[in-house]
Amino acid sequence: MKMKQTARTGTPGTASAVADITDEFGPFQDADAIHGVTFDGQRLWAATGNKLLAINPADHQITHTLDCTCDAGTAFDGTHLYQIAGDRINKIDPADGSILSSIPAPGQGNDSGLAWAEGSLWVGQYRDRNIVQIDPETGAVLRKIASDRFVTGVTWVDHELWHGTWEAEESDIRQIDPDTGAVLQRISMPTGIGVSGLESDGADLFYCGGGASGKVRAVRRPE
């Protein structure tokens, strides 16, 4: 397949806001860090390195745990979980944690965020400052969108592409144009708070992994 390359050009007067953190989950026992996060419509999933935790957002309780390698981004396609594990992306049965299939991760171990949208997986590449769209069956790269910041989590909501950044002790959440890479909106996180994983609840919240804090934070999406 032909790969499309797009570059972030930046947009003068980009809309910006300070993050409105509405809730915090964790830290959780035996979870030293939060890597990827996703949402299945009912449960918030958090990747902690060697366990995927399913969390009820209403009462913050862990309802389900899957033993698996989960050291970066997590995604949900409506039925299955996808999890970056080193240099692979595993398709996982959320009921029992079994690996149904596996494809190579585009960054060969240097990937960060993960999202499902439009029949594709979207992979954040941290130090490469890219978001990569890949075929979920083969891992073939379909296109790349460049950023000027280290890219962490990635999510789509209402046809909007958002990603987290975390660099030089500063972190934000950005909406970008998926065709040009231009930054359209920016939500700045408070000093000392970073975004590792990122996922939308499909409505007015983003769930943000907090890295070594061991927390997941809910941030209100701008109207």
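Search the whole structure for disulfides and you come up with zero. Keep in mind that this is a predicted model. Salt bridges are another story, as the same kind of search turns up 13 of them. Below you'll find the cysteines, then the charged pairs, then the nonpolar core and the strands around it.

**Cysteines without partners**

- Let's start with Cys70, which is in no disulfide. The nearest cysteine sulfur belongs to Cys68, and it sits 4.3 Å away. A disulfide needs the two sulfur atoms within 2.5 Å, so this pair doesn't qualify.
- Is Cys70 buried or exposed? Cys70 counts as buried, because its relative accessibility is 0%.
- Cys208 is in no disulfide either, and here the nearest cysteine sulfur is that of Cys70, 18 Å away.
- With a relative accessible area of 2%, Cys208 is buried too.

**Salt bridges**

- Here's the general idea: side chains of opposite charge can pair when their charged atoms come close.
- Take Asp67 and Lys51, whose side chains meet in a salt bridge at 2.5 Å, N to O. Asp67 belongs to strand S7 (residues 62-70) and Lys51 to strand S6, so the pair ties together parts that are 16 residues apart in sequence.
- How open are these two to the outside? Asp67 counts as exposed, at 58% relative accessibility, while Lys51 is partly exposed at 32%.
- Next up is Glu167, which forms a salt bridge with Arg129; their closest N and O atoms are 2.7 Å apart. Glu167 is in strand S17 (residues 160-167), and Arg129 is in the loop between strand S13 (120-125) and strand S14 (130-134), so this pair ties together parts that lie 38 residues apart in sequence.
- Glu167 is buried, with a relative accessible area of 16%. Its partner Arg129 is partly exposed, at 26% relative accessibility.
- Then there's Arg186, in a salt bridge with Asp172, where the closest N and O atoms are 3.4 Å apart. This pair links distant parts of the chain: Arg186 sits in strand S19 (residues 183-188) and Asp172 in strand S18 (residues 170-176), 14 residues apart.
- Arg186 is partly exposed, with a relative accessible area of 24%, whereas Asp172 counts as buried at 6% relative accessibility.
- Which residues join Asp172 and Arg186 in one network? Asp148 and Arg174 do, through salt bridges that share partners.

**The largest nonpolar core**

- This core has 14 residues. Those with the most contacts inside it are Phe25, Phe28, Leu44, Ile55, Tyr207 and Val216.
- Several strands chip in with at least two core residues each: S4 (37-39), S5 (44-47), S6 (49-55), S21 (205-209) and S22 (216-220).
- Ile55 is a handy residue to click on. Leaving out residues up to four places away in sequence, Ile55 touches Phe25, Phe28, Gln42, Arg43, Leu44, Ala46, His60, Gln61 and Ile62.

**Strands S4, S5 and S6**

- S4 and S5 pair in the antiparallel sense over three bridges, and Val37 stands opposite Ala46 in S5.
- What sits between S4 and S5? Their hairpin has four residues between the strands, and Gly41 takes a positive phi near 100 degrees there.
- S5 also pairs with S6, again in the antiparallel sense, over four bridges. A hairpin joins these two strands through one residue, and the bridge partner of Trp45 in S6 is Ala54.
- Which way do the side chains of S5 point? Leu44 and Ala46 go one way, Trp45 and Ala47 go the other way, and all are buried.

**An open four-stranded sheet**

- Four strands line up in the order S3-S22-S21-S20 to form an open sheet with antiparallel pairing.
- At the edges you'll find strand S3 (21-25) and strand S20 (198-200), each pairing on one side only.
- Ignoring direction, neighbouring strands of this sheet are turned by 20 degrees against each other on average.
- S20 and S21 pair in the antiparallel sense over three bridges. In that pairing you meet Cys208 of S21 again, standing opposite Leu198.

Terms used: Residues numbered from 1 in each chain as written. Predicted model: local features only at pLDDT ≥ 70, side-chain atom pairs only at ≥ 80, totals over all residues. Heavy atoms only, no water. Core = buried A, V, L, I, M, F, W, Y, C linked by side-chain atoms within 4.5 Å. Buried < 20%, exposed > 50% of the residue type's maximum accessible area, 1.4 Å probe, protein only. Contact = heavy atoms within 4.5 Å. Pairing = 2+ DSSP bridges. Salt bridge = Lys/Arg side-chain N within 4 Å of Asp/Glu carboxyl O. Axes fitted to C-alpha atoms, helices over the stretch in contact; angles between N-to-C directions.
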